[in-house]
Structure formats: structure tokens, C-alpha cells
Amino acid sequence: MRSDKYSGKRDSSRDTQSYDGWEETQMLFQSRDQEKEAEKKRRQREAAYQEYLALRENPDASRAPEDDVRTYTRKKRANKQQSSVFEEPKPSRREKKEQKKPPAKKKKKKGRSLRRVILIVLLLLIAAAAAGILFVMGLMEKVGTEEIDQANLGINPQVEQDLKNYQNIALLGVDARDMEDYKTCRTDAIIMLSIDKQNKAIRQISVYRDTYLHANKKYGYDKITNVHAYAGTTGTLHSLNENMDLNIREAVIVNWKAVADAIDGLGGIDVEIKKSEIKEMNKYIKDTQKNIGGSKEKIKKAGMQTLNGNQAVTYARIRKDSSEGDYRRNERMKIVVSAAVDKAKKTNPFKLKQIADQVMPQIRTNMDTNSLLKVMFAFLRYDMTDSAGWPFETGSWTSYNGAWVGPPVTLKRNVTELHEKYFGQPGYEPTQTVQDISKEISRRTGLY
């Protein structure tokens, strides 16, 4: 049990005498408190000084040593004012420059926004390109299929290797009103589209329809135009490859109605008509109209003018004119093809679709959709360079059955010139097959 001294009560009966040291005790306690406070401040100053020494040895990258001195001085002043020992230092020059710069987060946010915009634009471009390809592929699906026997095309293995950078496609124009009976028709036009993949160029090499060549073992020698009537597209490609040392595996067959419809759809093509051609054109325009329909408007004057479909077809088909004769026919065919391609490049895509819907079903080919797309893009990107009519030198001979033909003089020389000029093969030596055919044509015609 606590005594009265600890319970807060005084028992005067127990006091023997009064206590006179109370004031000394209070002074002692105050002295101890002052010593403790002084010790605390001393320790704070010691800690601040040690921190200063540590900063001098390892200064922070964003603070200079003189900043720490100023900070310590402010701390010392703050202790005297009974405030916090540590004060926030004023920013240094380097810190002020850093404060002026935009926050890093904003830069990242701005960069992310730019990347998003670029990504969206790329996605839109890819989507547009894909839509365009699908659109074209849809058109290509309307093209008819032509079966060609790839094992019977008469391509020499060495020729195939030599011409690996050239894609040669036969464009055959048949004299059929529709595509139901085209297989037994002759080829009014034979144009080889030669795509130079290395130099990104396209040229047209037309073969004169009356050229006297080796057809095949069964039919022997004949005009190249007749081969399609009895040996079909495969037989025509075989004869071209065998006689000219070529690598043709692909063909596009069109009739004249398809050509006329395409040109009418394009709004006509611009062609310069010679005065000597007017009579022959007007003579056959009515016949063309009777076979394929359309307009029978005649040509009224010479010079540059816009031809409609029937006029353009008649222009390409006439066999002779008074000034240049039969061989101008192939030149006219190439003029029509080039003018149509140039006009198509400038035509609205929606208009081209309307034309394609009408014309594509009238075309036959053995190329798949991907191959057709590559050829189409080549026409858009490559240059249409020089064109030629082949043979370069021909003779005149009446065959055993009384038909007039145009033999190459000689086949060997014409094939050599073809490869030197258009396939980059200087000093070309034709295959033994070409040399044997050349000798036989010379023996038959007497033309050397």
C-alpha cells in the first residue's frame, strides 16, 4: 500500500521538519533538460556535417557541391529559429533548365500517338491494295479457260535456259464471231508479248500470218495462220517455239468482237489513218459490222482521228493498202493494241470494270489468276518499247497447192537476228532444229 507521499496527500503529523531544497531541485531538472537539448542539437549538427562530407565525396548528378553547402547553412539557420533542421534547397541552374523541358511522359504519349497514326494509315493502304487485288481477281475469274498441253510445246531445253528472264506470251486473234467455235478458226493476228523481267520492258513481236513454216509432223509445212484450225492453240505454240527458238507456254485467245467491244467501251482509240488505207477500210467496215454487229460508219478523211470498235477492227484486219502492201497489216494490229493499252491506263477504274464484265467472257487463256495479275501489273509498270514484225526478210512463193506464202529468207538468218536484237544474245547460233527447217524451206522454195 502506497504511502501518503505517493498518493498526493500530506500527513503533517509525520513531518519532523519542513523541506527547504525545493528550488534547488527545480533548477537541477532545468539544467538537465538544457544539457539534453544541447546534446540533441550537437548530434544534429554532427549528422548534418557527416552528410555534407558524404555528398562532397559522392555528389549527386543533379546537384553541385556548392548547393549542399548552401543547404547546410540554411539548416543551421533553421535550428536557431526552432524550425526543421532540413530545408528544401533552391533549384540550381541545371535544375532550372531541366524544369523548362517538357515532361518525359508527354513525349512518350506524343510518340505513341504518332505511331498509332502511321499504323492506321498503313493498315488503310494495305486494305485498299487488298480490295483492289480482290476486285481485279474477281474480273479475272470471268476469263475462259484454254487447255494447253505443256508437254507438247516444242521448247528446246537450252532455249528455255537462255530465255529465263523473258516471259513470252502469244496473243492470238481468231476470226470467230463468238468463242463457241474458235478452236477450228485460223489466227488472223499472232502477236508475241515479250516481257523483259530484268529490264522491266515489254515489246510486241508480230508474226506475219502468211509466213511459211513447219507446222508439225502430220501436216508438214504451211502458213502459220492455218495451224490453229487443225492443231489448236497447242499446235500454234509448238510451231512458233520450234521455228523461232522460243519458250512460249502461255496464250491469250481473243475474237474480233471482244476487241471491238473493248474499244467501244474505252470511247474509241486515236489512230492516224493514211490516205492509202481509207479505201480498204471502207470496203470492209460493212463486212465487219455484219459479222460482229455494232456501227458501220465509214472513214471520211485521213489523219489522226478517233476510231470506234468496228473501225479499229477493220483497220487491224485489212490485208493491204495501195502504198505499203500486206506487211503493214501486222503493224496496224500492234498500233491498235498499243492505243488500247494507253487508253485503258487513263480510264476510270469503274469504267474499266464495266468493260471487263462484257469483254472478259470472250477471252480464253491457260494462265491462272495470279499469272494474269502479274502480267496486268507489268503492263502498268513497264515501258512499252520497240516492236517488230517477223520475219525481217521474206520472199514470195506459190506453194504446191497453189496458195501464196511468204517464206523467211532464210529462217536461220531471221532467227539469229531476232535473238540478237530482242533477247540480248550477240552472235546467236540457232538450234539444230531451226537449221534443219531452214534448209528444207530453202530446198522447197528455192530461196536462199
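Of the 448 residues in the protein, buried residues make up 42%. This description rests on a predicted model. The protein contains 15 helices and 14 strands. Two residues, Thr-234 and Lys-290, illustrate the contrast between a buried position and an exposed one.

**Overall architecture**

- The surface that the protein exposes amounts to about 27200 Å², and carbon and sulfur atoms supply 52% of that area.
- Among contacts in the protein with a separation of 6 or more, 69% are accounted for by residues 24 or more positions apart.

**A buried residue: Thr-234**

- Thr-234 is found in helix α7, which covers residues 224-244.
- The relative accessible area of Thr-234 is 14%; because buried means under 20%, Thr-234 counts as buried.
- When its neighbours within four places in sequence are left aside, Thr-234 is in contact with Glu-147, Ile-148, Asp-149, Asn-152 and Leu-153.

**An exposed residue: Lys-290**

- Lys-290 belongs to helix α9, which runs over residues 275-292.
- Lys-290 has a relative accessible area of 64%; since exposed means over 50%, Lys-290 is classed as exposed.

**A charged patch on the surface**

- Lys-290 is one of the residues in a patch of positive charge on the surface.
- Lys-286, Lys-296 and Lys-298 also take part in this patch.
- Lysine counts as positive, so the gathering of these side chains is described as a patch of positive charge.

Notes
Residues numbered from 1 in each chain as written. Predicted model: local features only at pLDDT ≥ 70, side-chain atom pairs only at ≥ 80, totals over all residues. Heavy atoms only, no water. Patch = residues over 30% accessible without salt bridge, like charges linked within 9 Å, V, L, I, M, F, W, Y side chains within 5 Å. Areas by Shrake-Rupley, 256 points an atom, 1.4 Å probe, with all protein chains shown as cover. Salt bridge = Lys/Arg side-chain N within 4 Å of Asp/Glu carboxyl O. Charge placed at Lys NZ, Arg CZ, Asp CG, Glu CD. Helix = DSSP H or I, 4+ residues; strand = E, 2+ residues; numbered from the N terminus. Buried < 20%, exposed > 50% of the residue type's maximum accessible area, 1.4 Å probe, protein only. Contact = heavy atoms within 4.5 Å.
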